[in-house]
Amino acid sequence: MFSKACIAFVVLAASLAAAVPSCCVWFDVLDDIQENLFHGGQCGEDAHESLRLTFHDALAYSPALTAEGKFGGGGADGSIIAHSDVELTYPVNDGLDEIVEASRPFAIKHNVSFGDFIQFAGAVGAANCNGGPQVSFYAGRSNDSQAAPDNLIPLPSDSADSILSRFSDAGFDAVEVVWLLVSHTVGSQNTVDPSIVGAPFDSTPSDFDAQFFVETMLNGTLIPGDALHDGEVLSPYPGEFRLQSDFELSR
């Protein structure tokens, strides 16, 4: 339950319809990030990384840890920005430092919470891509957070069983995990193999389509970079990167 009833809808044309006057700030945020973060509304690296950031902030939530009397994380609370000095040291968040630091000034400038900004920017960034979804955005998160525990976001080298178990703890079933993987259709890798920074996960990285699923099912025959790294398996196409976790889940 959010502290303020404020619902906006991000549409393919990147327009915004606000349900209540207090949401009007998001028109200003939209104009600002489209021009100055997404470089005129492009489906580029910042859009891709903003979408990734929504996931890494939100999945840091574990009812299982809470049941053990431990802090289980606050989910989509913006802690990855508020406590970047802690959370960006986690190996799974490697490579997110640039989008975290790029996002922070926008949230501060417009006086919106880090949690709200992360989810809004991710929705806008996804809508900038060809075929991108129209994602509902809910505002009202506070900036009251604490650093999420480590080991709540799966690594590319994790097994399918381990990944499904982690998602189940956060409330997702196996089918929903597959649905979430569609975000990899506009994704790329930067840190698993530093020799090919920006290598995409499918052949249409600017299109929000199903090509990722098709190509993940193909037999891998190539090493796109300098060697096979931890969390990587053989790729079907030159220049295309395949995460071990995607490969295992597809099988």
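**Notes on the helices around α7, and a few loop residues**

1. A friendly start with α1: its buried residues are W26, V29, L30, D32, I33 and Q34. Please keep in mind that this is a predicted model. As for length, the 12 residues of α1 should span 16 Å at 1.5 Å a residue, and the end C-alpha atoms are indeed 16 Å apart, so the two values agree.

2. Now to how α1 meets α7. The two axes come within 11 Å of each other and cross at roughly 60°. The pair is therefore oblique, and the crossing is right-handed. On the α1 side the contact is made by W26, V29, L30, I33 and Q34, while α7 contributes D116, F117, F120, A121 and V124. Sorted by class, the contact of α1 with α7 holds 8 nonpolar residues, 1 polar and 1 charged. W26, V29, L30, I33 and Q34, the α1 residues of this contact, are also listed among the buried residues of α1.

3. How much of α7 is buried? The helix is mostly covered, with 14 of its 14 residues buried. From the first C-alpha to the last, α7 reaches 20 Å, close to the 20 Å expected for its 14 residues at 1.5 Å a residue.

4. A second partner of α7 is α2. These helices pack at an angle of about 140°, and their axes are 8 Å apart. An angle counts as roughly antiparallel when it is over 145 degrees, so α2 is oblique to α7. Here the crossing is left-handed, whereas that of α1 and α7 is right-handed. From α2, the contact draws on A47, S50, L51, L53, T54, D57 and A58; from α7, on G115, I118, Q119, A121, G122, G125 and A126. The classes come out as 7 nonpolar, 6 polar and 1 charged for the contact of α2 with α7. You may like to look at A121 in the viewer: this α7 residue takes part in the contact with α1 and also in the contact with α2.

5. Q119 deserves a point of its own. This residue lies in helix α7. Its relative accessible area is 18%, and the cut-off for buried is under 20%, which means that Q119 counts as buried. Leaving out residues up to four places away in sequence, Q119 touches T54, A58, A76, F137 and R141. Two of these, T54 and A58, belong to the α2 side of the contact between α2 and α7.

6. Next comes α6, residues 97–109. Its 13 residues should span 18 Å at 1.5 Å a residue, and the end C-alpha atoms are 19 Å apart, which agrees. Buried here are I99, V100, S103, R104, F106 and A107. Which helices do the buried residues of α6 pack against? They pack against α1 (25–36), α2 (45–58), α4 (79–82), α5 (84–87) and α7 (114–127).

7. The packing of α2 with α6 can be described in detail. The angle is about 90° and the axes are 10 Å apart, which makes α2 roughly perpendicular to α6. D46, E49, S50 and L53 of α2 make the contact with I99, V100 and S103 of α6. By class, the contact of α2 with α6 divides into 3 nonpolar, 2 polar and 2 charged residues. S50 and L53 appear in this contact and in that of α2 with α7.

8. Two loop asparagines merit a check of the backbone. Most residues other than glycine have a negative phi. N111, just after α6, takes a positive phi of about 55°; it lies in the loop between α6 and α7 and counts as exposed, at 70% relative accessibility. For N151, phi is near 70°, again a positive value in a residue other than glycine. N151 sits in the loop between β3 (135–139) and α8 (160–169), and its 65% relative accessibility makes it exposed.

9. Last, is D207 buried, exposed or partly exposed? With 25% relative accessibility, D207 counts as partly exposed. Its place is in the loop between β5 (199–200) and α10 (211–216). Although D207 and C129 are 78 residues apart along the chain, their C-alpha atoms are separated by 5.6 Å. Beyond its neighbours within four places in sequence, D207 is in contact with N130, T185 and V186.

Conventions. Residues are numbered from 1 along each chain as its sequence is written. This is a predicted model: local features need pLDDT of at least 70, side-chain atom pairs count only at pLDDT 80 or more; totals for chains, interfaces and linings use all residues. Side-chain values use heavy atoms; hydrogens and water are left out. Helices (H or I, at least four residues) and strands (E, at least two) are DSSP runs, numbered from the N terminus. The expected span of a helix is 1.5 Å times one less than its number of residues. Buried means under 20% relative accessible area, exposed over 50%, partly exposed in between (1.4 Å probe, protein chains only). Contact means heavy atoms within 4.5 Å. Axes are lines fitted to C-alpha atoms, for helices over the stretch in contact, and angles run from 0 to 180 degrees between N-to-C directions. Angles under 35 degrees count as roughly parallel, over 145 as roughly antiparallel, 65 to 115 as roughly perpendicular and the rest as oblique. A crossing is left-handed if the near helix is turned anticlockwise from the far one by less than a right angle, and right-handed if clockwise. Ala, Val, Leu, Ile, Met, Phe, Trp, Tyr, Cys and Pro count as nonpolar, Asp, Glu, Lys and Arg as charged, and the others, Gly among them, as polar.
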